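Hi,

Here is the structure I promised to pass on. Have a look at it first, and then read my notes below.

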Amino acid sequence: MAFALHSPSGAEPPRPAPLAKGRVYRRFARGRERPRGIVWFGIRSFWGHLRHFVASAIATEDVDSRDWMTPDDPRALAERVSRLLGAGTGFMGSGSVTERLGREIWIDYVADTGDDVSVSRAVAGLIFTPYVLPDPERPGAFLYGPRGDILFFGGDTAYPVATADEIRNRVIAPFNQVLAQREDGQRRVLLGIPGNHDWYDGLDGFGRMFRRHVDYAHDGQARPTLHGSSRTLLGHYAEWAREFVRGGQVEKPKTLDLIGYTAVQAASYFVLPLAPNLSVFAVDRQLKHVDSRQQHFFSSWLNQHLAVSPWVMLPDPVYPFGVASRTGFESIQALGLTLSARPHLVVSGDIHHYRRDMEGPTLHVTAGGGGAFLHPAPLRRAPGSLPLAEWPDAAQSRALLGQVKWKVAFGRSGIIPHIAVAVLLAPALFAAEAWQPPVVALAIGTLLIAGLIRLVGGLRRRFGMTDVLALLAAACVTGCGCALRIGFSELLAAWVEPSFLPWLASACALSAVAPVGAWFFGAYLALLTRLGYENLQAFAALDHPGFKHFVRFRVRRDGSAVDGWCVGLVDPIRQGEQPVLVDQFTWYCR
């Protein structure tokens, strides 16, 4: 029952503590178990960036897997979901899930999963737990919030590329290790939409986890794994090369199963009638846009059900960091939705923090806290962009931002910045004496480094303050390199032959300037975030493990409202960490 405070076992579930206001955390536990979190400027992440480039090129050529998909009829999908959740066979008509079940339903939403395996296991423990939650209908009272009937993944299932191996190692194995201890025999439903990291693999891994298993023998029983693959990235490419020469195939698991959950969808997008006049619109934007087949599918359902209030699941938000997104608005327009005209609930991931905003009658919820590195609250806000709730807040984000430059300098975010600084500065230092005046060689080196800094900073604007900052950072790197070369020349002059001295001094200067250049690069990224120009790259380099969360939704039986509770862990893998109640809200559909 909704008002019972005890689970079927009789024990009272945990009651998430209210979020501490104004507290700033500075020390966090990091995982030591492999696979560890992806470092943004490491070799494995570079592989992800390369797959992004290839996938985007394929999408530009309009090669789209969605062209071959046949989405489920919404009524048939509602019946399939209802049967799995225990509905009887006597229901006649085209009712929604709550009508077929005769009760409310609970949905657990999580997005941006599958990074550090220790964090993934902690997030699984957070999700697969019932809670005592504040009752939105009775102020001061509490209700029992069971584990969701449906587990919904909101995109970017694993990093850096959601291949079958990465999903198995970073999601399936740690989640199943928790589920094996908490299995209660109840059947539940698994749903999901893909994000950009799923599309880097052409939806191969995504399909093995979320696609309904009807095309190969499964003898009615899932065979979920509790263990990840021991194959390394190098081993994967060695196997790929061997099978390419032989004309064979790399062996992959046919399915990726979670204990107690059943995949039910036939396509990467769908409509699910949840309650009277309430339907979920699960959207797949691929890497570019919502395709015409998908537009027709959603608009047809809306035109036939004009009274339906849409619950829109998007792979990325309409208002990331409180600022309008071109891709988010294009998705809304492609679906033919007018957010200001009627109530909508828009839920998305992709941005790795929690945020709730109101736009007229429409509620926007961004909840990308499923395990991937952290994104900050905006430190310089656009007018009118103050959210109803956000986690972590600006004060906490500022406290963490100062760590970025040191983490990059020490190589804990990867060594690509160090290599890039050395490679781009090498011609300037080695050619400084040959070119007269030497300032020409140094100026060329400065421009090359500035161009790289600006490119990696993720900005595509016309010349402005960000370019000035990039030039200043590059000039500091070049100046340090020049000073170090002069210093090493003075230091080594008494022991090295004059003909060899310039080369040795330059080599020593390059070795010393690489971490210095990485520090200036990290400082540049942090400054962009501090000034509000860019909010992604600095915290991606920080790869922070904290502030993980998911949202538990309750869909009322009559479809009049959806209640939501965001439950999180500040420091997920610290011993004894307890869940906190990040936010609570109710969205009224009518």
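One term before we start: when I say that something covers or touches a residue, I mean contact, that is, heavy atoms within 4.5 Å. Also bear in mind that this is a predicted model.

Let's begin with helix H11, residues 394-401. This helix is mostly covered, with six of its eight residues buried. The buried ones are Ala-394, Gln-396, Ser-397, Ala-399, Leu-400 and Leu-401. And what lies over them? The cover includes strand E14 (389-391), helix H12 (404-409), helix H17 (537-542) and H16.

H16 is worth following further. This helix spans residues 501-531 and packs with helix H13, residues 416-430. Their axes are 8 Å apart, at an angle of about 140 degrees. Angles over 145 degrees would count as roughly antiparallel, so H13 is oblique to H16. As for handedness, the crossing of the two is right-handed.

Which residues meet there? From H13 come Pro-417, His-418, Val-421, Ala-422, Leu-425, Ala-426, Leu-429 and Phe-430. On the H16 side they meet a set that includes Trp-503, Leu-510, Val-513, Pro-515, Gly-517 and Phe-521. The residues of this contact divide into 16 nonpolar, three polar and no charged.

Now for the interior. The largest nonpolar core has 87 residues, and those with the most contacts inside it are Leu-272, Trp-311, Tyr-354 and Phe-553. H16 turns up again here, as the helix that gives the most to this core, with 10 residues. Apart from this core lies another, of 62 residues, among them Ile-127, Tyr-269, Val-283 and Leu-335.

If you want one residue of the largest core to click on, try Leu-272. Leaving aside neighbours within four places in sequence, Leu-272 is in contact with Leu-77, Ala-78, Val-81, Val-97, Ile-150, Leu-191, Leu-278, Ser-279 and Val-280.

Last stop: Met-69, in the loop between helix H1 (43-60) and helix H2 (74-84). Is Met-69 buried or exposed? Its relative accessible area is 14%, and the cut-off for buried is under 20%, so Met-69 counts as buried. Not counting residues up to four places away in sequence, Met-69 touches Leu-203, Ala-267, Ser-268, Tyr-269 and Arg-293. Tyr-269 is also among the residues of the 62-residue core. Arg-293 is 224 residues from Met-69 in sequence, yet their C-alpha atoms are 9.4 Å apart in space.

Over to you!

Definitions and conventions: Residues numbered from 1 in each chain as written. Predicted model: local features only at pLDDT ≥ 70, side-chain atom pairs only at ≥ 80, totals over all residues. Heavy atoms only, no water. Core = buried A, V, L, I, M, F, W, Y, C linked by side-chain atoms within 4.5 Å. Buried < 20%, exposed > 50% of the residue type's maximum accessible area, 1.4 Å probe, protein only. Helix = DSSP H or I, 4+ residues; strand = E, 2+ residues; numbered from the N terminus. Axes fitted to C-alpha atoms, helices over the stretch in contact; angles between N-to-C directions. Parallel < 35°, antiparallel > 145°, perpendicular 65-115°, else oblique. Left-handed = near helix turned anticlockwise from the far one by under 90°. Nonpolar A, V, L, I, M, F, W, Y, C, P; charged D, E, K, R; others polar.
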